[in-house]
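Reader: I would like to learn how to read a model of this kind, going from one feature to the next. Could we take the strands to begin with, and then move outward?

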Amino acid sequence: MTRAEGLLSKTFELPGIARQNRARSGQGVGLHGDKGRQLNEHTLSMRLERVAARVPVGARLADIGSDHGYLPVALMRRGAIEYAVAGEVAMTPFRAAERTVRENDLDDRMSVRLANGLEAIKPEDGITAISFCGMGGETIRDILDSGRAYLTGRERLIMQPNGGEQPLRQWLMENNYRILFEEVLRENRFDYEIIVAERSGPVLYTAEELYFGPLQMQERSAAFVAKWQRRLKQKEKTLNQFLRARQNVPETKVQALAQQVRWITELLG
Ligand code: SAM
């Protein structure tokens with residue numbers, strides 16, 4: 001449980017929700033917290049709701065890094081998916097996911113597995129979609145890369161990286177995945193990105209497209225523009241600090257940051 005999770009305890013229950021779902025202290029709160037309401041398999045964070053909206057109806061879903069299993073359990077309760085695997089590498093969240101599944105009487109339609117990354121997937125699962133939420137983009141990339149043997153190439157990938165979007169997009173491109181949908185959303189003062197991709201054959205993105213997201217660059221939603229306005233301020237401040245302490249900062253680092261500032265300035269210009 002993150003510190004933010006531990007700080008939150010207020011219970012919010014939808015009318016008609018069974019007593020079994022009484023909020024457990026500090027449980028079920030999104031990665032960066034969600035002040036004012038308890039999140040669980042009934043009430044997802046906006047972040048997970050947006051991910052849920054991208055899971056095809058009737059999917060056989062593997063949710064990797066599932067934690068409490070709220071995303072697959074919520075989708076199952078809504079009748080939106082046919083079958084789910086909740087994969088977890090750590091024992092405490094694995095047990096939490098097992099409990100969520102048990103309390104929702106879903107043991108016959110969901111498997112909770114203690115496994116590293118895509119090792120949670122078995123061929124007989126017939127998985128058609130894989131979600132990765134609340135992990136760094138590099139972690140998602142590494143899970144995909146080391147788990148290639150578990151992919152058929154026909155799965156839709158629905159990813160909500162916490163940072164590291166650029167290296168994740170790079171992996172997608174290098175492995176013939178086309179980005180079909182992207183979204184930026186803001187919740188609790190954090191900017192989140194959702195990236196949906198499917199294997200399609202060779203695809204080429206420019207360096208800027210890998211940095212900003214090829215579809216987001218075109219769409220330029222209000223949330224996307226606001227995110228990059230905030231990022232520009234932060235990066236300009238850091239660049240100025242680097243320039244003042246020039247001897248102590250590697251030149252490559254200064255140049256990389258200066259290039260990002262140029263790209264963002266051009267994007268917003
Ligand atoms: N997906 C949930 C969400 O978005 O709210 C939980 C996010 S939580 C911050 C990240 C979870 O990913 C943790 O429970 C962690 O144990 C799990 N995780 C990290 N690396 C993993 C891996 N290689 N395989 C499976 N789970 C992993």
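Author: In this predicted model, V85 stands opposite S111 in β3, and that pair belongs to a set of 5 bridges through which β2 and β3 (residues 110–114) are joined, with the two strands running parallel. Between the two strands the chain passes through helix α4 (residues 91–103), and the resulting β-α-β crossover from β2 to β3 is right-handed.

Reader: Which strand pairs with β2 over 6 bridges, and in which sense?

Author: That partner is β1, and the pairing is parallel. Here the connection runs from β1 through helix α3 (residues 70–77) to β2, again as a right-handed β-α-β crossover. Two of the facing positions can be followed by eye: I64 has G87 of β2 as its bridge partner, while D63 is bridged to A86 of β2.

Reader: What is the bridge partner of D63 in β4?

Author: In β4 the partner of D63 is S131, and this belongs to a parallel pairing in which β1 and β4 share 4 bridges.

Reader: How should I judge whether a strand lies inside the structure, and how many residues of β2 are buried?

Author: One counts the C-beta atoms around each residue, and a residue with 20 or more others within 10 Å is called buried. For β2 the count gives 6 buried residues of 8, so this strand is largely enclosed by the rest of the structure. β1 is mostly covered as well, with 5 of its 6 residues buried. Over the chain, which has 269 residues, the buried ones make up 38%.

Reader: Is G58 buried or exposed by that count?

Author: G58 counts as exposed because it has 12 C-beta neighbours inside 10 Å. Its place is in the loop between α2 (46–52) and β1 (59–64). Even so, a residue can have partners remote in sequence, and G58 lies 5.8 Å from A80, C-alpha to C-alpha, although 22 residues separate them along the chain. With neighbours within four places in sequence left aside, G58 is in contact with I81 and E82.

Reader: What tends to happen to nonpolar side chains, and how many residues are in the largest nonpolar core here?

Author: In soluble globular proteins, such side chains tend to be buried together. In this model the largest nonpolar core has 52 residues, and those with the most contacts inside it include A52, L61, L71 and F132. The element that gives the most to this core is α3, with 6 residues. If you select L71 and ignore its neighbours within four places in sequence, you will find it in contact with L44, L48, V51 and A52, and also with D63, S66, S131 and C133. As for the contacts in the chain between residues at least 6 apart in sequence, 68% of them join residues at least 24 apart.

Reader: Finally, how many residues surround the ligand, and which are the closest?

Author: The ligand is surrounded by 18 residues, of which G65, D67, V89, C133 and G134 are the closest. By class, this shell has 8 nonpolar, 8 polar and 2 charged residues. At least two residues come from each of β2 (81–88), β4 (129–135) and α5 (137–146), and the largest share, 3 residues, is supplied by β4.

Terms used
Residues are numbered from 1 along each chain as its sequence is written. This is a predicted model: local features need pLDDT of at least 70, side-chain atom pairs count only at pLDDT 80 or more; totals for chains, interfaces and linings use all residues. A residue is near a molecule or strand if its C-beta atom, placed from the backbone, lies within 6 Å of it. Ala, Val, Leu, Ile, Met, Phe, Trp, Tyr, Cys and Pro count as nonpolar, Asp, Glu, Lys and Arg as charged, and the others, Gly among them, as polar. Two residues are in contact if their C-beta atoms, placed from the backbone, lie within 7 Å. Two strands pair if DSSP finds at least two bridges between them. A crossover is right-handed if, with the strands pointing away from the viewer, the path from the first strand over the helix to the second runs clockwise. A nonpolar core is a set of buried Ala, Val, Leu, Ile, Met, Phe, Trp, Tyr and Cys residues joined through C-beta atoms within 7 Å.
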